[in-house]
Amino acid sequence: MGRNLHKGLREILVHKKGPIVEKWRELIHKSYPPETAQFLKREKDRFSNPIGSSIEDSIWPLFDQLIGEADPSTTKKLLDNLVRVRAVQDFTPASAVQIIFALKQIVRKEVLPAAQKKGLLREYLEFESEIDRFGLLAFDVFMECRERVWEIKRNDLLKRPYLLAGGMCPSYMMKRGIKHLEKLKKEITQH
Amino acid sequence: MAKELTPQEMLRIDLTPPNKDWMDIPTVIKPGIYCYPAKPEKVEIVGMPNPHVWSPLDDDWGLPEDWKETFLEGMRERLNKHRSFKIFMDICVRCGACADKCHFFLGSGDPKNMPVARAELIRSVYRGEFTKAGKILGRLAGGRKITEDVLKEIWYYMFQCTECRRCSLFCPYGIDTAEVTIIGRELINLFGLNINWIQEPVANCYETGNHLGLLPHTFKQNIEFMCMDIEDFVGVTIEPPFNKKGAEILFVTPSGDVFADPGIYTLMGYLLLFEHIGLDYTWSTYASEGGNFGFFTSLDMAQRLNAKIYAEAKRLGVKWILGGECGHMWRVVHQYMNTFNGPPEFLEEPVNPLTGTKFENAKSAKMIHISEFTADLIKHGKLKLNPKRNDHLKVTYHDSCNPSRGMGMFEEPRYIINNVCNNFYEMPENTIREQTFCCGSGAGLNAGENMELRLRGGLPRANAVKYVHERFGVNMLSCVCAIDRAVLPASMEYWVPDVNVCGVSELVGNALIMEGEHDRPTDLRGEEIPGFAKAEGEEEVTEDV
Ligand code: SF4
Ligand code: SF4
């Protein structure tokens with residue numbers, strides 16, 4: 001959105017960035033069961049709290065993307081960081097990406113009254129549409145992640161050594177078998 | 001258990017889960033998390049009870065009529081037999097120190113994956129069925145009765161624990177949830193409810209000596225195929241000894257090294273190393289498996305499958321045993337083998353024939369780890385190495401749970417890597433050594449159908465790899481465990497796609513300068529090594545056939 005964001009509205013958003021993103025973080029934490037949410041909030045070490053750190057690393061710059069010059073590849077990378085984790089957890093697709101759309105609830109509370117006062121309702125609604133766009137992008141990312149999981153499952157199956165008594169992994173057998181034949185051929189022609 | 005959603009439920013998108021006591025939150029068994037059930041014939045082969053066809057998604061799990069009595073009797077028997085189990089049931093004060101230490105909790109966010117909660121699934125039954133307070137007060141005393149739903153819940157979460165013991169490191173009382181899982185799985189196995197990914201390797205191992213069910217000629221042939229590759233890539237001819245009576249050393253490694261990519265390159269590393277030093281050793285086509293999926297089934301089964309190692313050492317008349325790169329194999333070797341099937345008086349305390357080093361740590365069990373052996377060789381200058389051949393790699397090292405937390409082996413692999421590579425970077429301190437994060441797929445959970453579970457469990461490890469990848473450009477994750485080698489590639493593919501996985505012995509193999517070797521433009525995978533490949537226009541390397 002960036003350039004098109006009304007200057008006055010941007011000022012309000014910049015001013016409110018802290019409380020908005022903090023509430024957003026809380027909301028994302030609370031999409032997990034209560035004990036987990038508490039932990040995600042409490043543990044600050046990034047290696048002891050990979051879910052929490054993936055959230056923390058993504059939401060602040062994502063918000064900057066929303067109110068500044070959005071760079072498509074950065075936005076996607078940030079959304080990926082946020083959604084990749086959720087794509088393998090106990091979330092339905094909707095609840096996995098809903099955390100983006102839910103940002104609207106917060107912004108509405110924090111920013112809408114001030115925006116209205118300044119007569120920026122239209123601009124405000126456009127900003128909400130931008131959040132929707134990010135939400136849809138998040139869904140793209142979610143699908144990519146899910147497809148990747150299936151690819152990995154398939155690859156795992158293909159690579160999996162078959163548990164056939166006396167059998168060999170077919171691809172390995174083929175690879176080695178062809179080599180063996182070539183070697184034999186060479187030997188025969190040489191002698 | 002898995003129920004159809006009503007249209008209303010389908011339309012509801014809950015962002016905040018309910019705040020209820022764990023006993024009131026029903027467990028929903030989900031595809032992607034569980035592994036397929038054991039095939040009845042594989043249960044039958046090893047004489048385990050109640051072989052039958054069933055599905056975790058069905059309501060009816062085909063439990064025998066008297067299953068409750070059997071469960072409680074099984075629990076009573078184990079409470080009497082294993083003091084540790086009894087103590088772990090009694091003394092947990094629910095302080096929560098272990099709660100956030102499990103990779104499955106950290107990756108899934110599911111509170112029932114907190115180690116304290118995992119143990120509590122069984123502990124609650126212990127209280128409700130075996131203690132006075134629990135029998136009278138029930139839930140007030142944290143107790144509950146065993147029911148089908150409780151059994152299903154236990155089943156679901158016992159197969160979401162990799163028995164990695166990270167949690168035990170943080171418990172002020174030393175409670176080892178892995179041991180609770182071990183007993184939990186034993187109880188599950190009273191009803192034919194194992195997962196097939198464990199049961200089939202167990203049956204195979206029982207029948208053919210290894211998890212993959214490789215018959216002796218196939219086992220031998222596969223290793224010979226690898227010798228052909230070595231001939232191509234290195235230019236030396238190796239004829240490995242099989243079942244050689246009177247050899248000094250018996251070498252035993254997980255069959256994954258014989259069969260699965262990238263384990264096979266690690267095996268090529270072993271072959272080169274033994275050839276390099278002219279070791280008097282032998283492979284065995286009978287003790288053709290170092291790993292022991294029996295350990296993930298029951299301690300009795302672990303003992304049965306382990307027995308072949310000493311038996312074969314005796315038959316072949318070797319002096320001592322050398323073991324390959326494996327994880328849980330070392331837990332069994334290090335902590336159980338000696339009392340399971342030993343002590344083996346017919347063997348000698350391992351002595352490195354080239355350096356004279358006595359491995360006093362293995363005085364009783366008579367088996368040492370290949371990393372201990374290789375590190376000793378390097379320390380005494382017995383290996384000719386060119387670490388530059390690994391210069392294109394920026395390597396980090398994943399401490400596999402069992403060799404590190406289980407047997408305390410931290411330095412040897414690092415010493416080796418530092419001698420065969422020039423670029424080694426450690427992952428952050430709270431993710432390595434004793435505190436290492438599990439690969440996420442150990443203890444028999446390395447199937448394909450439970451990939452979501454594996455990826456969740458792999459997140460904490462991958463998160464640390466990602467850090468060194470981004471910070472230092474790390475592109476190779478090394479380890480000394482066959483399961484790690486089999487499963488970390490999938491985890492990397494999802495979380496850190498630019499990082500590859502290898503065994504430490506593969507790195508050794510690539511760095512070894514072999515007598516009579518030809519130009520080696522490629523590594524053991526047949527991939528060109530930058531700086532070693534012939535520049536265009538230069539004469540092609542002629543293959544020495
Ligand atoms: S042993 Fe490992 S997998 Fe099992 S509960 Fe403890 S930390 Fe989790
Ligand atoms: S750390 Fe030990 S005592 Fe504390 S909750 Fe965990 S198992 Fe119980």
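Chain B of this predicted model carries 57 positive and 75 negative side chains. If you average the positions of each set, the two centres lie 8 Å apart. Side chains of opposite charge can pair when their charged atoms come close, and we will come back to such pairs below. Before that, it helps to get a feeling for the chain that holds these charges.

Chain B contains 22 helices and 7 strands. Its radius of gyration is 24 Å, close to the 24 Å that the globule rule gives for 545 residues, so chain B is as compact as a globular protein of that length. If you lay the C-alpha trace along its principal axes, chain B spans about 80 × 55 × 40 Å. Of the 545 residues in chain B, 64% are buried. The contact pattern adds to this picture: take the contacts between residues at least 6 apart in sequence, and 76% of them join residues at least 24 apart. On the outside, chain B has an accessible surface of about 19900 Å², and carbon and sulfur atoms account for 49% of that area.

Now let us step inside, to helix α8 of chain B, residues 148-158. How much of this helix is buried? The count is 9 of its 11 residues, so α8 is largely enclosed by the rest of the structure. The buried residues run from V150(B), L151(B), K152(B) and E153(B) through I154(B), W155(B), Y156(B) and Y157(B) to M158(B). An α-helix has 3.6 residues a turn, so residues three or four places apart point the same way. The buried residues listed for α8(B) include neighbours such as W155(B), Y156(B) and Y157(B). And what covers them? Among the covering elements are three helices of chain B, namely α3 (67-81), α6 (115-130) and α10 (177-188).

Two of those covering helices are also joined to each other by charge. R78(B) and E186(B) form a salt bridge, with their closest N and O atoms 2.5 Å apart. R78(B) sits in helix α3 and E186(B) in helix α10 of chain B, so this pair ties together parts that are 108 residues apart in sequence. Are these two partners buried or exposed? Both R78(B) and E186(B) are buried.

Other charged residues of chain B group together as well. R94(B), E120(B), R123(B) and R127(B) are linked in a network of salt bridges. Over all chains, the count comes to 45 salt bridges.

Chain A offers an example of its own. The side chains of K17(A) and D64(A) meet in a salt bridge, at 2.7 Å from N to O. This pair links distant parts of the chain, with K17(A) in helix α1 (residues 7-29) and D64(A) in helix α3 (residues 50-67) of chain A, 47 residues apart. Here the setting is partly exposed for each partner: K17(A) has 21% relative accessibility, and D64(A) has a relative accessible area of 34%.

A further salt bridge brings the two chains together. D100(B) pairs with R42(A), and the closest N and O atoms are 3.2 Å apart. The pair crosses between chains, from the loop between α4 (83-91) and α5 (103-108) of chain B, where D100(B) lies, to helix α2 (residues 34-42) of chain A, which holds R42(A). The two ends have contrasting surroundings: D100(B) counts as buried because its relative accessibility is 10%, while R42(A), at 52%, counts as exposed.

Finally, a few backbone details in chain B deserve a look if you plan to inspect torsions. The peptide bond from D261(B) to P262(B) is cis, with omega near 0°, and P262(B) is found in the loop between α13 (256-259) and α14 (263-277). A cis bond also leads from G342(B) to P343(B), with omega near -5°. P343(B) belongs to the loop between α16 (328-340) and β4 (367-369).

Positive phi values turn up in residues other than glycine, too. R165(B), in the loop between α8 and α9 (166-170), has a phi near 70°. That places R165(B) in the loop that follows the enclosed helix we visited earlier. For N243(B), which is not a glycine, phi is about 45°. N243(B) lies in the loop between α12 (216-233) and β1 (249-252) of chain B, and with 28% relative accessibility it counts as partly exposed.

Methods
Residues are numbered from 1 along each chain as its sequence is written. Chains are lettered from A and ligands numbered from 1 in the order in which they are written. Side-chain values use heavy atoms; hydrogens and water are left out. Buried means under 20% relative accessible area, exposed over 50%, partly exposed in between (1.4 Å probe, protein chains only). Helices (H or I, at least four residues) and strands (E, at least two) are DSSP runs, numbered from the N terminus. Contact means heavy atoms within 4.5 Å. A salt bridge is a side-chain nitrogen of Lys or Arg within 4 Å of a carboxyl oxygen of Asp or Glu. The radius of gyration is taken over C-alpha atoms; the globule rule is 2.2 Å times the number of residues to the power 0.38. Accessible areas come from the Shrake-Rupley method with a 1.4 Å probe; for residues, only the protein chains shown count as cover. Lys and Arg count as positive and Asp and Glu as negative; His and the chain ends are not counted. The place of a charge is taken as NZ of Lys, CZ of Arg, CG of Asp or CD of Glu.
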